[in-house]
Amino acid sequence: MTLDSLWSELQDLSANEVETIHKLVQALKRTRVSPLAYIEELMNFQSLGYDEDKEVYMHRMLVTDELKNRYKILHGGITATFIDTAMGSTIFQDLGVDRRSVTLDLNVSFLKPGTNGWLTAYTHLIKKGRTIVVMETKVRDEQSHLIARASSTFFRLS
């Protein structure tokens with residue numbers, strides 16, 4: 001694809017569609033200087049740190065129109081990706097960025113649709129073994145409604 005052919009593709013887009021393309025391009029450009037992957041940039045993924053009282057690592061994402069499904073609610077796959085990303089970030093924060101791990105399983109229960117605003121993931125480390133890390137995450141919206149809950153097992157790479 002050339003810039004001319006891309007420009008041609010953009011000519012008949014609505015103003016909202018042009019705004020969406022702009023957001024996607026900006027997310028792509030941010031990955032040049034950010035440690036986050038493209039999908040994390042699209043989610044506006046942020047680490048909020050550790051809450052010692054609740055013993056959870058907190059992360060958040062922004063629900064935008066680009067991340068919604070045809071029913072105008074957050075796509076379930078994006079919710080699962082947010083949870084998986086929050087859990088992976090939890091491992092980095094707790095065990096160190098040099099500790100590599102991969103998801104072995106992820107079980108998500110979708111409890112209420114995410115519609116707008118920020119969602120916050122609260123991740124609790126259940127078990128930190130030599131090769132296995134088990135976590136639980138609860139996702140809440142800005143009104144503290146429980147959107148989803150999940151459990152996962154990660155495998156620690158050597």
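## Two buried phenylalanines

Phe45 and Phe82 are both buried, where buried means under 20% relative accessible area, exposed over 50% and partly exposed in between, using a 1.4 Å probe and protein chains only. Their rings form an edge-to-face aromatic pair, 6.2 Å centre to centre with 75° between the planes. For the cut-offs: rings of Phe, Tyr and Trp (its six-membered ring) pair if their centres lie within 6.5 Å, and planes under 30 degrees apart count as stacked, over 60 as edge-to-face and the rest as tilted. Phe45 sits in the loop between α3 (38–42) and β1 while Phe82 belongs to helix α4, so the pair links parts that are 37 residues apart in sequence. Helices (H or I, at least four residues) and strands (E, at least two) are DSSP runs, numbered from the N terminus.

Before going on, a word on the source: this is a predicted model, in which local features need pLDDT of at least 70, side-chain atom pairs count only at pLDDT 80 or more, and totals for chains, interfaces and linings use all residues. Residues are numbered from 1 along each chain as its sequence is written, and side-chain values use heavy atoms, with hydrogens and water left out.

## The other ring pair, and a charge over a ring

How many aromatic pairs does a search of the whole structure find? There are 2. Besides the phenylalanines, Tyr50 and Tyr57 make a tilted pair, with 4.6 Å between centres and 50° between planes. Tyr50 is partly exposed at 41% relative accessible area, whereas Tyr57 counts as buried at 9%.

Arg60 also has a ring to lie over: the face of Trp118, at 3.7 Å from the ring centre. The test here is that NZ of Lys or CZ of Arg is within 6 Å of the ring centre and within 35 degrees of the ring normal.

## Overall layout

Zooming out, the protein has 4 helices and 6 strands, running α-α-α-β-β-α-β-β-β-β from the N terminus. Its C-alpha atoms fill a box of roughly 55 × 35 × 25 Å along the principal axes. Of the 158 residues, 34% are buried. Among contacts (heavy atoms within 4.5 Å) between residues at least 6 apart in sequence, 57% join residues at least 24 apart.

The UniProt record, an unreviewed entry, annotates residues 72–147 as "domain: Thioesterase"; such annotations may be inferred rather than shown by experiment, feature names are shortened, and positions are given in the numbering used here. That stretch is 26% helix and 43% strand, with its end C-alpha atoms 15 Å apart.

## β2 and its neighbours

Strand β2 (56–63) is largely enclosed by the rest of the structure, because 6 of its 8 residues are buried. Strands pair if DSSP finds at least two bridges between them. By that rule, β1 (residues 46–51) joins β2 through 5 bridges, antiparallel, and Ser47 has His59 as its bridge partner in β2. β1 and β2 form a hairpin with 4 residues between them, and Glu55 in the turn has a positive phi of about 55°.

β2 also runs antiparallel to β4 (residues 117–128), with 7 bridges joining the two. One bridge partner set there is Leu62 with Trp118 in β4.

## The nonpolar core

A nonpolar core is a set of buried Ala, Val, Leu, Ile, Met, Phe, Trp, Tyr and Cys residues joined through side-chain atoms within 4.5 Å. Which of the 27 residues in the largest one touch the most other members? They are Met61, Phe82, Leu119 and Val139. β2, α4, β4, β5 (132–140) and β6 (146–156) each supply at least two residues of this core, and α4 gives the most, with 7 residues.

Leaving out residues up to four places away in sequence, Leu119 touches ten listed neighbours, including Met61, Phe82, Val139 and Ile147.

## Leu67 and Thr120

Leu67 is found in the loop between β2 and α4 (76–95) and is buried, at 6% relative accessible area. Its C-alpha atom is separated by 6.9 Å from that of Ile78, 11 residues apart along the chain. Beyond four places in sequence, the contacts of Leu67 include Leu42, Met43, Met61 and Ile78.

Thr120 is in strand β4 and counts as buried at 14% relative accessibility. With the same exclusion of residues up to four places away, Thr120 touches Phe82, Leu48 and Val139, among others.
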